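Biologist: I have a model open in front of me and would like to learn how to read it. Could you walk me through some features?

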Amino acid sequence: MPADALRHVAVVGASLAGTVLADALRRNGFDGRITLIGGEASPAYSRPALSKGVLTGKEQLDDILLHPLGSDVEQRLGTHVVSVDLDARRLVLDDGDEIAFDGLAITTGARARRLADLGAAEPGARETTFRDILDARRLGGELDRARRVVIVGAGILGMELASACVDRGAEVILIDQQPPLRAQLGEFLADLAVAAALERGVRFVQDASVRIRGRETPVVELGDGRRFEGDVVISAVGCLPNVEWLAGTHLDTAGGVRVDSRGRAGGNVVAAGDVAAYPSGSGHRRTPLWNSAMEQARTAAAALLRGDEAPPLIPPEYFWTEQFGLAIKACGTLPPAGQPIYLEGGPGASELLLQWRSGDVPTTAVAVNTRVPVKKLRALSRRA
Ligand SMILES: Cc1cc2nc3c(=O)[nH]c(=O)nc-3n(C[C@H](O)[C@H](O)[C@H](O)COP(=O)(O)OP(=O)(O)OC[C@H]3O[C@@H](n4cnc5c(N)ncnc54)[C@H](O)[C@@H]3O)c2cc1C
């Protein structure tokens, strides 16, 4: 559909990708109607701040709200889209309303995957997950009383939650099938974070088989028979794209909404953020990270208006995490392989600027507890 025929864009999902996309439509000169529909009742906020600032009690919702959209974007918050008819160009909302559109942006993100989704939970087991402000408030309240927290999944989120729980005075046991953080950050950075966690008293447990049971007092049982009881058991085992409302459409949603390099899913439909699977060197993949969601949203907005003339996505390849006193910012390929070169600091130092190379070619640059502009970090992660 030519852009001048596009009079009403519906954006479904009102978090980071949805708000950035709506804003980018305006910045690209779109003066038609935009309706942003979001399942959460609160305006968009920074999800990364939930595990870093909110859970530790340093921040509240008001501190982490994203920049508000202008009044030229109609917002329907606290409302889920339950289905869509792409041929008739019509959305059905959970309050029974219907919204007609001629352009659709899918930005419904992801939800926490549960052990129950993996067939690793007894029916009714008390499993806690962590994805939104309500989860953060609920877990924050539980941590007022909890003495022992068991976390299943020692990836980035599991480690950040462990760090916050330790800050809140809980004893933490982290269980995973794999060595902590290796798959995400590689051996060097994983070892750094694990050493910091061990220093704070976190206990790491590895086992190939994990199962949760218990309605009142949750227990994690391992394949070798060990049992870990917690006042709270949190699973941090990845996320699943929110695509159920797209059932019955022609869209390929098996591993997230499959799009081209400009975020187009076909016709007048684009997708961005945690729900979207963009082409990558290893096939179509979701990249559930903050900067990816932002760049994809800008790319998809431009493509909805300008089609092939809009530039394809340049993956931002930027990521950060904060845990156990370590502020880690990374640009380039993750996980980096092998040992880094120390550009600043050295073995044992708490402030580091690191670079990984493949032969002579830089692949990854990482700052640990050091203020380095992202632009500089990015330059250090690439061939000059
Ligand atoms: C605790 C936590 C910490 C994180 N920390 C980091 C970090 O340190 N660094 C980093 O790079 N990334 C981090 N991330 C990832 C980052 O927050 C996400 O990549 C980003 O939020 C994705 O934005 P999104 O808009 O695509 O999806 P989401 O933020 O998931 O938002 C999707 C929105 O769509 C709504 N929705 C879903 N279905 C419907 C429907 N049918 N109708 C209407 N609305 C719907 C949802 O309610 C939600 O509000 C973290 C994530 C979490 C949960």
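**Salt bridges, sheets and a loop**

Modeller: Gladly, and let's start with one pair: Arg47 and Glu40 meet through their side chains in a salt bridge, with 2.8 Å from N to O. Keep in mind that this is a predicted model.

Biologist: What is the general idea behind such a pair?

Modeller: Side chains of opposite charge can pair when their charged atoms come close. In this structure there are 25 salt bridges. As for Glu40, its relative accessibility is 25%, so it counts as partly exposed.

Biologist: Which residue forms a salt bridge with Asp72?

Modeller: That is Arg26, and the closest N and O atoms of the two are 3.0 Å apart. This pair links distant parts of the chain, since Asp72 lies in the loop between α2 (48-54) and β3 while Arg26 belongs to helix α1, 46 residues apart. Asp72 is partly exposed, at 42% relative accessible area, and Arg26 is also partly exposed, at 21%.

Biologist: And Lys52 and Glu160, are they buried or exposed?

Modeller: Both Lys52 and Glu160 are buried. Their side chains form a salt bridge with 2.9 Å from N to O. Here too, distant parts of the chain are linked: Lys52 sits in helix α2 and Glu160 in helix α4, 108 residues apart. Salt bridges can also join into a network, as they do for Glu122, Arg213, Glu221 and Arg227.

Biologist: Now the sheets. In what order do the strands of the 3-stranded open sheet come?

Modeller: To read a sheet, follow the strands from neighbour to neighbour. Here the order is β4-β5-β6, with antiparallel pairing. β4 (81-85) and β6 (98-100) each have a single partner strand, so one side of each is left without a neighbour in the sheet. From one strand to the next, the twist averages 20°. Between β4 and β5 (residues 90-93) there are 4 bridges, and Val81 has Leu93 in β5 as its bridge partner.

Biologist: What is the order in the open sheet of 6 strands?

Modeller: The order is β3-β2-β1-β7-β19-β18, and the pairing is mixed. At its edges, β3 (74-77) and β18 (264-266) each pair on one side only. Inside the sheet, β1 (residues 8-12) and β7 (residues 103-106) are parallel partners over 4 bridges, with Val11 opposite Ala105 in β7. Helix α1 (residues 16-27) packs on this sheet, touching β1, β2 (33-38), β7 and β19 (269-271), and its direction makes about 175° with that of β2.

Biologist: How do I recognise a β-α-β unit, and which elements make one here?

Modeller: Trace a strand, then a helix, then a second strand. β9, helix α4 (residues 156-167) and β10 make a right-handed β-α-β unit, and so do β10, helix α5 (residues 182-199) and β11. β10 runs parallel to β9 (residues 148-152), joined by 5 bridges, and parallel to β11 (residues 203-206), joined by 4 bridges. Ile175 in β10 is the bridge partner of Val152, and Ile175 also has Val205 as its partner in β11. Of the 6 residues in β10 (171-176), 5 are buried.

Biologist: Loops look harder to me. Where does Thr253 lie?

Modeller: Thr253 is in the loop between β16 (239-241) and β17 (257-258). For a loop residue, look for contacts beyond its sequence neighbours. Leaving aside those within four places in sequence, Thr253 contacts Val243 and Leu246. The C-alpha atoms of Thr253 and Val243 are separated by 6.6 Å, with the two residues 10 apart along the chain.

Notes: Residues numbered from 1 in each chain as written. Predicted model: local features only at pLDDT ≥ 70, side-chain atom pairs only at ≥ 80, totals over all residues. Heavy atoms only, no water. Pairing = 2+ DSSP bridges. Helix = DSSP H or I, 4+ residues; strand = E, 2+ residues; numbered from the N terminus. Axes fitted to C-alpha atoms, helices over the stretch in contact; angles between N-to-C directions. Buried < 20%, exposed > 50% of the residue type's maximum accessible area, 1.4 Å probe, protein only. Right-handed = clockwise from strand over helix to strand, strands pointing away. Contact = heavy atoms within 4.5 Å. Salt bridge = Lys/Arg side-chain N within 4 Å of Asp/Glu carboxyl O.
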